[in-house]
Number of protein chains: 2
Amino acid sequence: MRLSTRAQYAVRAMVDLTLNSNGSPVSLREIASRENISLNYLEQLFHRLKKGAVVLSVRGPGGGYLLARDSASIRLGEIVTLVEEPLAPVACMDEGKKGCTRGDVCVTHMVWQGLGERIRGFLDSITLADLVREARGEEKR
Amino acid sequence: MRLSTRAQYAVRAMVDLTLNSNGSPVSLREIASRENISLNYLEQLFHRLKKGAVVLSVRGPGGGYLLARDSASIRLGEIVTLVEEPLAPVACMDEGKKGCTRGDVCVTHMVWQGLGERIRGFLDSITLADLVREARGEEKR
DNA sequence: TAATAGTTGACAATAATAGTAAGGTATGCT
DNA sequence: AGCATACCTTACTATTATTGTCAACTATTA
Ligand code: FES
Ligand code: FES
């Protein structure tokens, strides 16, 4: 039941981005060095984040990434889902895949389904703005 | 965020075991064939379940496994934890491991911690007895 | 003693993850 | 124009975890 590092990195990077942006784009190079994440790896993550429309990119010198929306409207669930394809805890509810081995009805199915909903629900209850506020609080101390 | 098949199989097998036991031991061979799980694989799982004291084994002909306790006192969280070592969603809270890359305080840490608690809490809110009751209900229909 | 069934440890195939590398494209600055 | 910056894209590799298989062994009972 592990979260991929992709998800962890993506969230950290998004917090960093929000924290260090003063309206102007933030380059991945900066984020990578601050958060100590491989630049190329980060690029892959932001590619997905951009496709998912949580960030915008500005090319050229002085370019970088910007939040596409207000940080209060970006939920962690979104970020995680974008970089970590399957959020569902079991394979049988991916797509069309018929139930697990034991054909017909599977008692445990609803359990995993419920679990998945909890996970998503929790992650969706937290916004980027929440984390940033938190981080600012820590800083000032 | 995938659950291992180990966890899925273990829960299914435990339900099967409870459902098909009339006080006498149930052999893994039976369970394996009913649930369509490799026998040797199941053996590994039950080895862990036995170490975790949720089942007892009876050797020799006519032997098999029995619940070690009442099904109402066996929570899914227990079963899952036993067969799937790390239930914590991130590595940094495994043991002693100091925080992720960015030394000091990590804003996201508490998020993952909260997530872990939700997962465990949900799984612990469901007992084997709940599932068995459910399964019996489906059967009668 | 023969058959059953759990016990144990080693091992192999597969898949996913994590990370690297390299080249390309758009943009702004001098 | 030309250079530097920084995003964009694809391909590839290494590592690890998962999933399972095999084989030999021990306890127990009929
Ligand atoms: S069919 Fe989904 S868990 Fe069995
Ligand atoms: S220290 Fe635990 S998530 Fe960063």
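These notebook entries record what I looked up in a predicted model of two protein chains and two DNA strands.

**Entry 1: Conventions**

I noted that residues are numbered from 1 along each chain as its sequence is written, and that chains are lettered from A and ligands numbered from 1 in the order in which they are written. In this predicted model, local features need pLDDT of at least 70, side-chain atom pairs count only at pLDDT 80 or more, and totals for chains, interfaces and linings use all residues, while side-chain values use heavy atoms, with hydrogens and water left out.

**Entry 2: The two protein copies**

I superposed the copies by least squares on the C-alpha atoms of residues with pLDDT of at least 70 in both. A turn of 180 degrees, with a shift of 0.0 Å along the axis, lays chain A on chain B with an RMSD of 0.0 Å. The two copies are therefore related as by a two-fold rotation axis. In chain A, the C-alpha of Met1(A) is nearest the axis, at 2.9 Å.

I then looked up the interface, where contact means heavy atoms within 4.5 Å. Of the interface residues of chain A, 100% are also interface residues in chain B, so the copies meet through the same surface.

**Entry 3: DNA strand C**

I counted a residue as near a strand if one of its heavy atoms lies within 4 Å of it. There are 27 residues around DNA strand C, and Asn40(A), Gln44(A), Pro61(A), Lys50(B) and Tyr65(B) come nearest. Sugar or phosphate accounts for 59% of the strand C atoms within 4 Å of the protein, and bases for the rest.

I next listed polar contacts to the DNA (pairs of N or O atoms within 3.5 Å). An N or O atom in the side chain of Lys50(B) is 2.5 Å from a phosphate oxygen of DNA strand C. For Thr5(A), a polar backbone atom is 2.8 Å from a phosphate oxygen of this strand.

**Entry 4: DNA strand D**

Around DNA strand D I found 28 residues, of which Lys50(A), Ser57(A), Tyr65(A), Gln44(B) and Arg59(B) come nearest. Here 63% of the strand D atoms within 4 Å of the protein belong to sugar or phosphate.

Which part of strand D does the side chain of Gln44(B) approach? One of its polar atoms lies 2.5 Å from a base oxygen. A polar side-chain atom of Glu43(A) lies 3.5 Å from a base nitrogen of DNA strand D. The side chain of Tyr65(A) has an N or O atom 2.4 Å from a phosphate oxygen of this strand.

Methods. Polar contact = N/O pair within 3.5 Å; in protein donor to acceptor, adjacent residues only side chain to side chain.
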